[in-house]
Amino acid sequence: DKARSSYELEYKLHSFINTSLKLLHKDAFVLGLDDVDTRPGIGWHVLEVLRRYLTTPQIIVIVSGNMELFQKLVERQQLKNFGLDFSSSTEVLQKFTPQVTELTNQYLLKVLRTPLRIELLPFYEALERAFLTRKNQKDNSNIDIDEYCLIKIYDNPVPLLDILKIFYNALSCSSQNLQVDFRKALLDNSARTVLQIAEQLIELR
């Protein structure tokens, strides 16, 4: 009965989506999901909804998150299926590790398929690639990446160099060697994190 109910729900949902798209004269809906990996209480249930019901090509689902966190989220559920959790004894966990790892990998390959995954680069790597491309196009070796890069803060473009100066001042850092390390620590984050920190730094100015 449970399997039949699940199938009926999937069928009716797909019919509803198909009819809705016809009325709207569209080909597909786009559904964006963020922070699923950081919400273990609901993350597993969201992945299960994707696996069981949102299987129609008329829904394009974009899931953003950290694959390592997704891995832990699914591992947690697989352990639960064996009556275990991460607090179980090391000896017991080691015994079930091969099965849990295999089931976790299979699940992620099905729900978050490898060919469709796009790995987002840390801010600095993405910036450096764009900078080198632009630099080669302009054939100008005198451009400095920190002066060239503009970060949009509250609709105002601010040179990365200015943000870094505020960053160093906030840390009372005058040593060039330390500034190199602090710069790397800041820019090795995601673009969203760098933007959030930059906004806070601008408010300190």
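Hi everyone. Let me start with a definition: a residue counts as buried when its relative accessible area is under 20%, as exposed when that area is over 50%, and as partly exposed in between. Asp 188 has a relative accessible area of 37%, so Asp 188 is partly exposed. Keep that cut-off in mind, as I'll come back to it. One more thing before we go on: what you see above is a predicted model.

Let's stay with Asp 188 for a moment. What does Asp 188 form a salt bridge with? The partner is Lys 184, and the closest N and O atoms of the two are 2.7 Å apart. Lys 184 is exposed, at a relative accessible area of 53%. Why would two such side chains meet at all? Side chains of opposite charge can pair when their charged atoms come close.

How many salt bridges does the structure hold? There are 7. Let me show you some of them.

Please find helix H3, which covers residues 67–81. Here Glu 75 and Lys 72 meet in a salt bridge, at 3.7 Å from N to O. Both residues lie in H3, 3 residues apart, and that is about one turn of the helix. Now use the cut-off: Glu 75 is buried, with a relative accessibility of 14%, whereas Lys 72 is partly exposed at 48%.

There is also a network of salt bridges, and it links Asp 34, Asp 35 and Arg 192.

Now on to helix H2, residues 40–52. It has 13 residues, and from its first C-alpha to its last it reaches 19 Å, close to the 18 Å expected at 1.5 Å a residue. H2 has a salt bridge too: Arg 51 pairs with Glu 48, and their closest N and O atoms are 2.8 Å apart. These two are 3 residues apart in H2, so about one helical turn separates them. Arg 51 is partly exposed at 30%, while Glu 48 counts as buried at 12%.

Which residues of H2 are buried? Besides Glu 48, they are Gly 43, Trp 44, Leu 47 and Leu 50. Try looking down the helix axis. The buried residues cover an arc of only 160° around that axis, and therefore they sit on the same side of H2. Turn to the face pointing away from that buried side, and you meet the exposed residues Gly 41 and His 45. And what do the buried residues of H2 pack against? Their partners are strand E1 (29–33), strand E2 (59–63), helix H3 and helix H4 (90–111).

Trp 44 deserves a second look, and it brings us to aromatic rings. A pair of aromatic rings is described by the distance of the centres and the angle of the planes. The whole structure has 4 aromatic pairs. In one of them, Trp 44 and Tyr 107 are stacked, with 4.8 Å from centre to centre and 25° between the planes. Trp 44 belongs to H2 and Tyr 107 to H4, so this pair ties together parts that are 63 residues apart in sequence. Both of these residues are buried.

Another pair is Phe 167 with Tyr 168, and this one is tilted: 6.3 Å between centres and 40° between planes. Phe 167 and Tyr 168 are both buried as well. Ring pairs join Phe 167, Tyr 168 and Phe 182 into a cluster.

Last topic: the nonpolar cores. In soluble globular proteins, nonpolar side chains tend to be buried together. The largest nonpolar core here has 20 residues, and those touching the most other members are Phe 123, Ile 151, Leu 160 and Ile 163. Which elements give two or more residues to this core? They are helix H5 (123–138), strand E3 (150–153), helix H7 (160–170), helix H8 (176–187) and helix H9 (191–204). H7 supplies the largest share, 6 residues.

Let's pick out Leu 160. Setting aside neighbours within four places in sequence, Leu 160 is in contact with Leu 127, Asp 146, Cys 149, Ile 151 and Leu 187. Apart from this core lies another one, of 15 residues, and among them are Ile 17, Val 36, Ile 59 and Tyr 107. You have already met Tyr 107, as the stacked partner of Trp 44.

That's my tour. Thanks for listening!

Methods. Residues are numbered from 1 along each chain as its sequence is written. This is a predicted model: local features need pLDDT of at least 70, side-chain atom pairs count only at pLDDT 80 or more; totals for chains, interfaces and linings use all residues. Side-chain values use heavy atoms; hydrogens and water are left out. Helices (H or I, at least four residues) and strands (E, at least two) are DSSP runs, numbered from the N terminus. The expected span of a helix is 1.5 Å times one less than its number of residues. Buried means under 20% relative accessible area, exposed over 50%, partly exposed in between (1.4 Å probe, protein chains only). The arc is that of the directions from the helix axis to the C-beta atoms. Contact means heavy atoms within 4.5 Å. A nonpolar core is a set of buried Ala, Val, Leu, Ile, Met, Phe, Trp, Tyr and Cys residues joined through side-chain atoms within 4.5 Å. Rings of Phe, Tyr and Trp (its six-membered ring) pair if their centres lie within 6.5 Å; planes under 30 degrees apart count as stacked, over 60 as edge-to-face and the rest as tilted. A salt bridge is a side-chain nitrogen of Lys or Arg within 4 Å of a carboxyl oxygen of Asp or Glu.
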